[in-house]
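These are my notebook entries on a structure I went through one feature at a time. I began with how far the model can be trusted and then moved on to particular places in the chain.

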Amino acid sequence: MQLKTMILASFLAFAMTACDKPPASSVSNESIQQVEQQASTLPENTAQVAAEVAEPVSDTKAEEKPIDNKTIQTLTDSTGRISIAVMGTFSVRDNEENEPPTTLFAQDQSNQAIVTVSSLGKLNGTPDEYFKKLSEVVKQQESDNPQQFSKTKVGIATNNRMNYRFMHNTENGETAEMCMAIIAGDDLYSVCANGENLSFDALNTYLSDVRIAG
């Protein structure tokens with residue numbers, strides 16, 4: 001699962017190179033080659049993302065609130081900019097254990113779904129340029145690696161978000177991946193959910209309430 005997280009981060013960081021200036025945090029050529037050689041699949045963007053909600057967040061741990069015999073947790077990345085309200089029994093890995101650019105790694109103990117947040121540096125250029133380049137890179141991966149990537153779909157970008165999805169083909173079958181690229185001010189983030197034996201619809205529920213602070 002960690003490999004797929006790094007592949008997705010490479011997708012997004014590679015897209016930043018569409019602009020003339022180099023990104024504040026970029027991915028090496030070796031990382032980009034890994035994206036081309038190892039495969040993941042894109043989750044299908046189901047609906048246009050809701051408008052950005054600015055809400056202060058600070059804790060990197062999951063806050064639990066019982067509602068109707070179920071638990072809603074707020075997962076917050078270590079930068080304090082991205083928070084995700086999810087329903088499940090997530091355990092959050094200590095930030096010291098995360099490898100850059102990962103700023104949140106949480107796993108649902110009930111079905112092994114994984115939710116990650118990655119901080120990808122500064123935006124160079126305009127949001128339109130970034131999302132256009134990212135869309136091209138994501139789609140090109142399936143064209144270049146059809147045996148590894150399938151069912152790719154990229155959603156319509158808003159002023160600060162764009163959803164996309166894909167399937168990552170492995171020896172054990174297909175793993176669905178659903179992601180959201182986010183521009184928070186001039187900072188770039190990705191939020192992704194993946195899980196073996198989970199559908200795009202199931203993964204989409206984890207990305208239905210993603211908030212940006214500041």
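**Confidence.** I looked up the confidence first, since this is a predicted model. The protein averages a pLDDT of 77, and 67% of the residues score at least 70. Among the elements, strand β6 (residues 114-122) has the highest mean pLDDT, 98, whereas helix α2 (residues 29-37) has the lowest, 37. I then noted that the pLDDT is below 50 over residues 17-62, although this stretch has 130 contacts in the model beyond near neighbours in sequence. Where pLDDT is low, the predicted coordinates should not be read in detail.

**Disulfide.** Which cysteines are joined in the model? I found one disulfide in the structure, and it joins Cys 179 to Cys 192, with an S to S distance of 2.2 Å. The two cysteines are 13 residues apart and link distant parts of the chain, with Cys 179 in strand β9 (residues 173-184) and Cys 192 in strand β10 (residues 187-196). I also checked the handedness: the torsion about the S-S bond of Cys 179 and Cys 192 is about 115 degrees, so this disulfide is right-handed. Are its two ends buried or exposed? Cys 179 has a relative accessible area of 0% and is buried, and Cys 192, with a relative accessible area of 2%, is buried as well.

**Helix α3.** I next compared the length of helix α3 (residues 127-144) with what its residue count predicts: at 1.5 Å a residue, its 18 residues should span 26 Å, and the end C-alpha atoms are indeed 26 Å apart, which agrees. Which residues of α3 are buried? I listed Tyr 130, Phe 131, Leu 134, Ser 135, Val 137, Val 138 and Gln 141. These buried residues cover an arc of only 160 degrees around the axis, so they lie on the same side of α3. On the face turned away from that buried side, I found the exposed residues Asp 128, Lys 132 and Ser 143.

**Met 167.** I located Met 167 in strand β8 (residues 161-170). Its relative accessible area is 11%, and because the cut-off for buried is under 20%, Met 167 counts as buried. I also looked up its distance to Asn 194: the two residues are 27 apart in sequence, while their C-alpha atoms are 9.6 Å apart in space.

**Backbone.** Where is there a cis peptide bond? I found one joining Pro 100 and Pro 101, with omega about 10 degrees, and I placed Pro 101 in the loop between β4 (90-92) and β5 (102-108).

I then turned to positive phi values in residues other than glycine, among them Lys 151, whose phi is near 55 degrees. Lys 151 lies in strand β7 (residues 149-154) and counts as partly exposed, at 45% relative accessibility.

Asn 197 is another residue other than glycine with a positive phi, here near 65 degrees. I found Asn 197 in the loop between β10 and α4 (200-204). At 78% relative accessibility Asn 197 counts as exposed, since that value is over the 50% cut-off. My last entry concerns its distance to Thr 175, which is 22 residues away in sequence and 6.7 Å away in space, C-alpha to C-alpha.

Key
Residues are numbered from 1 along each chain as its sequence is written. This is a predicted model: local features need pLDDT of at least 70, side-chain atom pairs count only at pLDDT 80 or more; totals for chains, interfaces and linings use all residues. Side-chain values use heavy atoms; hydrogens and water are left out. A disulfide is a pair of cysteine sulfur atoms within 2.5 Å. Helices (H or I, at least four residues) and strands (E, at least two) are DSSP runs, numbered from the N terminus. Buried means under 20% relative accessible area, exposed over 50%, partly exposed in between (1.4 Å probe, protein chains only). pLDDT is the predictor's confidence in each residue, from 0 to 100. Contact means heavy atoms within 4.5 Å. The expected span of a helix is 1.5 Å times one less than its number of residues. The arc is that of the directions from the helix axis to the C-beta atoms.
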